[in-house]
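Here are my notes on this model, as numbered points. Please read them with the structure open.

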Amino acid sequence: MAATPDKFQEAKIVSRRDHTKELWTIRVALEEPLTFRPGQYATLGMNTGTKRLERAYSIVSSPLESEVEFFFELVQDGALTPKLYELGEGDTFLMRRQAKGLFTLDTKSGHPNHYLVCTVTGVAPYVSMARTLAWEAERGTLPGIRLVVLHAASRSWELAYHDELTHLAQTFPWIEYIPMVSRPWEHTGWRGEVGRVEDVLRKHLDARGFDPATTTAYVCGHPTMIENAKGILQRRGFNKEFVREEVYWVPKKHG
Ligand SMILES: Cc1cc2nc3c(=O)[nH]c(=O)nc-3n(C[C@H](O)[C@H](O)[C@H](O)COP(=O)(O)OP(=O)(O)OC[C@H]3O[C@@H](n4cnc5c(N)ncnc54)[C@H](O)[C@@H]3O)c2cc1C
């Protein structure tokens with residue numbers, strides 16, 4: 001088998017940033033540019049003996065950047081992430097040449113409001129969207145939209161991209177960033193939201209007057225959060241069509 005069969009190309013790590021012991025970001029250079037829309041994912045792979053492991057990863061970077069960025073969480077007993085974790089600057093892995101996914105900004109409904117809810121690494125597609133919209137805003141080509149990003153984690157240091165999103169929210173009137181943690185007692189001086197995503201989600205939805213007639217909601221990351229958030233949105237009157245979801249994994253069955 002060739003090292004890089006047609007559907008794959010080699011991705012070379014040009015930089016790595018560790019946020020915590022289990023969360024890290026890499027930027028890669030590619031042999032040929034990856035065509036994608038903000039919110040889509042790439043399929044990354046590594047050969048292990050006779051097997052090729054492949055997993056989906058949302059793209060953090062904007063299509064306007066020359067390097068492609070990913071944000072990973074280490075799954076201790078996982079198949080691929082412990083291998084990706086070993087890689088540093090100059091190392092390579094495989095990437096499918098085609099990006100995929102329908103988890104992109106809703107530009108068809110004409111809704112002005114976009115409510116982006118996520119847990120930890122689920123922020124990746126939203127960073128790609130926000131970076132791209134910021135570029136459009138600087139050029140005066142931004143459509144009249146409002147973005148609210150609700151980013152949840154157990155602990156504040158798991159909120160990677162907090163500074164970048166805070167900066168964007170301070171720079172532009174069309175984006176708001178709401179970080180929240182469920183274990184505030186581990187962080188003295190935490191000033192953001194606390195509690196369960198479900199409660200905070202509803203509070204900010206109502207406070208902004210984001211109603212189902214004018215809003216598309218997006219939920220990304222942890223499967224339980226997604227189920228609960230979808231329930232709240234549906235009870236608030238959101239049609240399934242206007243709740244987009246990207247579920248990162250299937251929970252293990254117990255018993
Ligand atoms: C469209 C899409 C985009 C994704 N984007 C990202 C991304 O940007 N960053 C990212 O880190 N992951 C992302 N994922 C998840 C990723 O594809 C892998 O599932 C994850 O990295 C685990 O791979 P693994 O081979 O190490 O673990 P596996 O061997 O696949 O999983 C081992 C076990 O851990 C569970 N599990 C998997 N992921 C997690 C987790 N994060 N926390 C707790 N349990 C978990 C699985 O259910 C399984 O039971 C995305 C998934 C999808 C479908």
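1. Domains. The domain assignment splits the protein chain into domain 1, residues 8–96, and domain 2, residues 113–247. Keep in mind that this is a predicted model. Taken over C-alpha atoms, the centres of domain 1 and domain 2 are 24 Å apart.

2. The contact between the domains. Domain 1 puts 16 residues into the contact, and domain 2 puts in 14 residues. On the side of domain 1 that touches domain 2, two elements give two or more residues: strand S2 (23–30) and strand S5 (68–73). Which of them gives the largest share? S5 does, with three residues.

3. Make-up of that side. The side of domain 1 that touches domain 2 has eight nonpolar residues and seven polar ones. One charged residue completes the count by class.

4. The ligand shell. The ligand is surrounded by 22 residues. The closest are Gly78, Ala79, Leu80, Thr81 and Trp249. Both domains take part: domain 1 (8–96) and domain 2 (113–247) each supply at least three residues of the shell.

5. Elements and classes in the shell. Strand S4 (51–58) and S5 each bring at least two residues to the shell around the ligand. S4 makes the largest contribution, four residues. S5 thus appears on two lists: it serves the shell around the ligand, and it also serves the side of domain 1 that touches domain 2. By class, the shell holds 12 nonpolar, five polar and five charged residues.

6. The buried face of H4. Helix H4 covers residues 197–207, and its residues Val197, Leu201 and Leu205 are buried. Why do the buried residues line one face of the helix? Seen down the axis of H4, they fall within an arc of 60°, so they share one face. The spacing fits a general rule: an α-helix has 3.6 residues a turn, so residues three or four places apart point the same way.

7. What H4 packs against. The buried residues of H4 pack against three elements: strand S7 (113–119), strand S8 (146–153) and helix H5 (223–235).

8. The other face, and the end of H4. Turned away from the buried side of H4 is a face with the exposed residues Asp199, Asp206 and Ala207. After H4 comes Gly209. The phi of Gly209 is positive, near 65°.

Note on methods. Residues are numbered from 1 along each chain as its sequence is written. This is a predicted model: local features need pLDDT of at least 70, side-chain atom pairs count only at pLDDT 80 or more; totals for chains, interfaces and linings use all residues. Domain bounds come from an automatic or database domain assignment. Two residues are in contact if their C-beta atoms, placed from the backbone, lie within 7 Å. Ala, Val, Leu, Ile, Met, Phe, Trp, Tyr, Cys and Pro count as nonpolar, Asp, Glu, Lys and Arg as charged, and the others, Gly among them, as polar. A residue is buried if 20 or more other C-beta atoms lie within 10 Å of its own, exposed if 12 or fewer, and partly exposed in between; C-beta atoms are placed from the backbone. The arc is that of the directions from the helix axis to the C-beta atoms. A residue is near a molecule or strand if its C-beta atom, placed from the backbone, lies within 6 Å of it.
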